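Work through the exercises below with the model open beside you. Each one sets a task and then solves it step by step.

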Amino acid sequence: MLDPRLIRNELAQTARLLKRRGFELDCKQLEQLESERKSLQVTTEQLQNERNTTSKAIGQAKAKGEDVAPLLAAVADFGAQLKQNETRLAAVQQQLNDLLMAIPNTLHDSVPDGRDESDNEEVRRWGTPRAFDFEPLDHVDLGDRLSMMDFETATKLTGSRFVVMSGALAKLHRALTQFMLNVHTKEHGYREVYVPYIVNSESLKGTGQLPKFAEDQFAIGGEQEYYLIPTAEVPVTNMMRGNIIDAQRLPTKFVAHTPCFRSEAGSYGKDTRGMIRQHQFEKVEMVQFVKPESSYEALEQLTRNAETILQKLELPYRVLNLCAGDVGFSAAKTYDIEVWLPAQNCYREISSCSNYEDFQARRMKIRWRNPDSKKPELVHTLNGSGLAVGRTLVAIMENYQNEDGSVRVPKALQHTMGGVKVLAADMP
RNA sequence: GGAGAGGUGGCUGAGUGGUCGAAAGCGGCGGUCUUGAAAACCGUUGAGGGUUUAUCCCCUCCCAGGGUUCGAAUCCCUGCCUCUCCGCCA
């Protein structure tokens, strides 16, 4: 959520900033609601004040044993009037709030102009895509040959966009998670957390998935309004919801491994083959709470933390600075990391690292006590995948494949794999 | 799932329907004292919002949402959560 003061005092400027990402701010409506709010709030508070002073007077008169009948008569129909004002004010504030919740974050100056992903700016590349002397298979064919990846059974169990992995491939998938968590906790200073995979709607509002993106979420039936998490960002960032963090505890850095559930509504027909776009996938997520002054430094660090995983796995990638039209709703700036997939002959997203500035913090009331002002002030929040485990597995399979359909295990994972160096079809 | 108890400021904890945003203690901050520190003593110490250049002033908030009342932390209803006991269970 943007600072309501921006809407009040710098509406034109804010509208101009939002236009960069193609968002049209309805200034007329906002101005009208805002002036309504102002006059209603002033009169309501005046009435409340009147009620309070009269009630106190009645109390004092009663204590002295005086006759309170005239005072009571004076406020006879006062309640109805006040109630009416309060109701109208609440309605206007609700409208204003609904509008505010649907406004995306403003963008950082370093975000390049552009409309869609074709305008994203490549920041750097690492590694060289391998030159194959045979036609590389994609991960679906490789998994099939290994008899370790089974989409049909998953469809029987649930439906489309799910997978069953087995044997050494399932183990490799698990080893990847372990590896990522170990690197981030041991080398990058993140504290590991285990969190619920089901959250309430407050949490989804806090990070910005609700109210605008309800159709992307899996709501679970039952008496409670609960949802499966679309990313660990939701529970981990909301851990601090409503908190005032000590200045010494900033930055606070968490890493969590969770499954992620996405309905992928609106992406029918997109990436229908294989593990690229599933309803359920594993992800290791980094989350940071930082002082506002250092959030852009933190974004660089967070992005490098994610890149480290790919470097250790020796997977070629590139980093993109997302353009104005492609940055997500809540973010002020986002770097996407894309890994090389030989079978698709292109780079595909494997991590997304964003600085939300105070946009999420305002929704969640996450603050820190600034020793200079001595006041609670909003923190900045960031998060990034480190990495999407399923897609990393895909990248390993495709980049490390041999002509006979076997797959080498990256050096960094061989230890966790119990010394296994190659996945082959005849393995258990 | 059954029975009971309870949710109050950073924490512990009091609160009769009427100057209660809330006693007291702890903690925090400032000061006195001290070479320094501790102790002791004194003072101070919640958040959000409106109006304002600023101060002042005003409003809201005692788990959440409703209700009763001129007036609710206090009474009533609903929900959520916590604790104790019993049952069930990985």
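**Exercise 1. Classify E314 and E264 by accessibility, then check their phi angles.**

Step 1. In this predicted model, E314 has a relative accessibility of 45%, so it counts as partly exposed. The classes are buried (under 20% relative accessible area), exposed (over 50%) and partly exposed in between, with a 1.4 Å probe and protein chains only.

Step 2. Locate E314: the loop between α11 and β11. Helices here are DSSP runs of H or I with at least four residues, strands are E runs of at least two, and both are numbered from the N terminus.

Step 3. Read phi. E314 is not a glycine, yet its phi is positive, about 55°. Most residues other than glycine have a negative phi, and most peptide bonds are trans.

Step 4. Turn to E264. Its phi is near 55°, again positive in a residue other than glycine. E264 sits in the loop between β9 and β10.

Step 5. Assign its class. E264 has a relative accessible area of 14%, so it is buried.

Ground rules: this is a predicted model, where local features need pLDDT of at least 70, side-chain atom pairs count only at pLDDT 80 or more, and totals for chains, interfaces and linings use all residues. Residues are numbered from 1 along each chain as its sequence is written, chains are lettered from A and ligands numbered from 1 in the order in which they are written, and side-chain values use heavy atoms, with hydrogens and water left out.

**Exercise 2. Find the cis peptide bonds at P211 and L387 and place each residue.**

Step 1. The bond from L210 to P211 is cis, with omega near 5°. P211 belongs to the loop between α9 and β6.

Step 2. The bond joining G386 and L387 is also cis, with omega about 10°. L387 lies within strand β16.

Step 3. Check the cover of that strand. Nine of the nine residues of β16 are buried.

**Exercise 3. Trace the eight-stranded sheet and the helices that lie across it.**

Step 1. Write the order: β1-β11-β12-β13-β16-β10-β9-β4. The sheet is open and its pairing is mixed. Two strands pair if DSSP finds at least two bridges between them.

Step 2. Mark the edges. They are β1 (121-126) and β4 (191-192), each paired on one side only.

Step 3. Start at β1. Five bridges link β1 to β11 (residues 317-321), and the two run antiparallel. E121 has N321 of β11 as its bridge partner.

Step 4. Move to β16. It pairs with β10 in the antiparallel sense over seven bridges. M286 is bridged to G384 in β16.

Step 5. Take the β13 side. Three bridges join β13 to β16, again antiparallel. S354 is bridged to N383 in β16.

Step 6. Add the helices. Helix α11 (residues 295-312) lies across β1, β9, β10, β11, β12, β13 and β16, at about 10° to β16. Helix α13 (residues 389-399) lies across β10, β12, β13 and β16, at about 35° to β16. Contact means heavy atoms within 4.5 Å. Axes are lines fitted to C-alpha atoms, for helices over the stretch in contact, and angles run from 0 to 180 degrees between N-to-C directions.

**Exercise 4. Describe the three-stranded sheet.**

Step 1. The order is β5-β7-β6, in an open sheet with antiparallel pairing.

Step 2. The edge strands are β5 (198-200) and β6, each pairing on one side only. From one strand to the next, the twist averages 40°.

Step 3. Three bridges connect β5 and β7 (residues 226-228), which run antiparallel. I198 is opposite L228 in β7.

**Exercise 5. Summarise chain A.**

Step 1. Count the elements: chain A has 14 helices and 18 strands.

Step 2. Take the extent. The C-alpha trace spans about 100 × 45 × 45 Å along its principal axes.

Step 3. Take the burial. Of the 428 residues of chain A, 50% count as buried.

Step 4. Take the contacts. Among those between residues at least 6 apart in sequence, 74% join residues at least 24 apart.
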